[in-house]
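User: I am new to this structure and would be grateful for a close look at its interior. Which residues make up the largest nonpolar core, and which elements supply them?

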Amino acid sequence: MSTSDRQAHWQTVYTTKAETEVSWYEDAPDLSMVLLRQAGLTSDMSVIDIGGGTSRLVDALVASGQAHVSVLDLSAAALETAKARLPGAKQVQWIIADVTAWMPARQYDFWHDRATFTS
């Protein structure tokens with residue numbers, strides 16, 4: 001599947017379903033927050049949420065005082081939904097990209113992808 005096909009798929013998902021209608025929705029990203037803190041994330045470090053979509057992790061990170069947060073997703077619609085919840089969050093960088101082809105312009109202290117944080 002090409003990047004444009006994947007992008008079209010995820011745009012369709014995020015424009016036709018409410019964020020609570022997807023199987024991966026969680027109201028509070030408690031496990032991810034616990035694991036990030038246990039791994040040593042402090043508020044002055046940078047963290048990126050890969051495939052963040054409309055995830056509430058960015059909200060939790062901002063609320064906890066995280067200074068440097070990035071959210072990457074293939075769907076602009078998903079990021080716009082998340083961004084709308086945090087209109088004053090200037091510490092968040094929103095990145096529309098395919099992670100399989102993306103070349104980060106910087107290094108991150110922590111790379112979060114919830115697909116790897118399953119219980």
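Analyst: The following account describes the nonpolar interior and then turns to the largest pocket.

The model is a predicted one. Its largest nonpolar core has 17 residues, and those touching the most other members are Val 58, Leu 61, Val 92 and Trp 94. At least two residues of this core come from each of helix H2 (30-38), helix H3 (57-63), strand S2, helix H4 (76-85) and strand S3 (92-96). The greatest contribution, four residues, is made by H3. In general terms, nonpolar side chains in soluble globular proteins tend to be buried together.

Leu 61 merits individual attention. If neighbours within four places in sequence are set aside, Leu 61 is in contact with Met 33, Leu 36, Leu 41, Val 47, Gln 66 and Val 69. Apart from the largest core there is a second, separate core of seven residues, among them Ile 48, Leu 72, Ile 95 and Ala 97.

The open space may be considered next. The largest pocket holds about 550 Å³ of space. Its lining consists of 26 residues, and Tyr 14, Ile 50, Gly 51, Gly 52 and Asp 73 are the ones nearest its centre. Two or more lining residues are given by each of helix H1 (3-16), strand S1 (46-50) and strand S2 (68-73). H1 provides the largest share, three residues. Sorted by class, the lining of this pocket comprises eleven nonpolar, nine charged and six polar residues.

Conventions
Residues numbered from 1 in each chain as written. Predicted model: local features only at pLDDT ≥ 70, side-chain atom pairs only at ≥ 80, totals over all residues. Heavy atoms only, no water. 1 Å grid on protein atoms, 1.4 Å probe; cavity = no way out; pocket = protein on both sides within 12 Å on 5 of 7 lines; lining within 4 Å. Points joined across faces, edges and corners; volume = space filled by probe spheres on them. Nonpolar A, V, L, I, M, F, W, Y, C, P; charged D, E, K, R; others polar. Core = buried A, V, L, I, M, F, W, Y, C linked by side-chain atoms within 4.5 Å. Buried < 20%, exposed > 50% of the residue type's maximum accessible area, 1.4 Å probe, protein only. Contact = heavy atoms within 4.5 Å.
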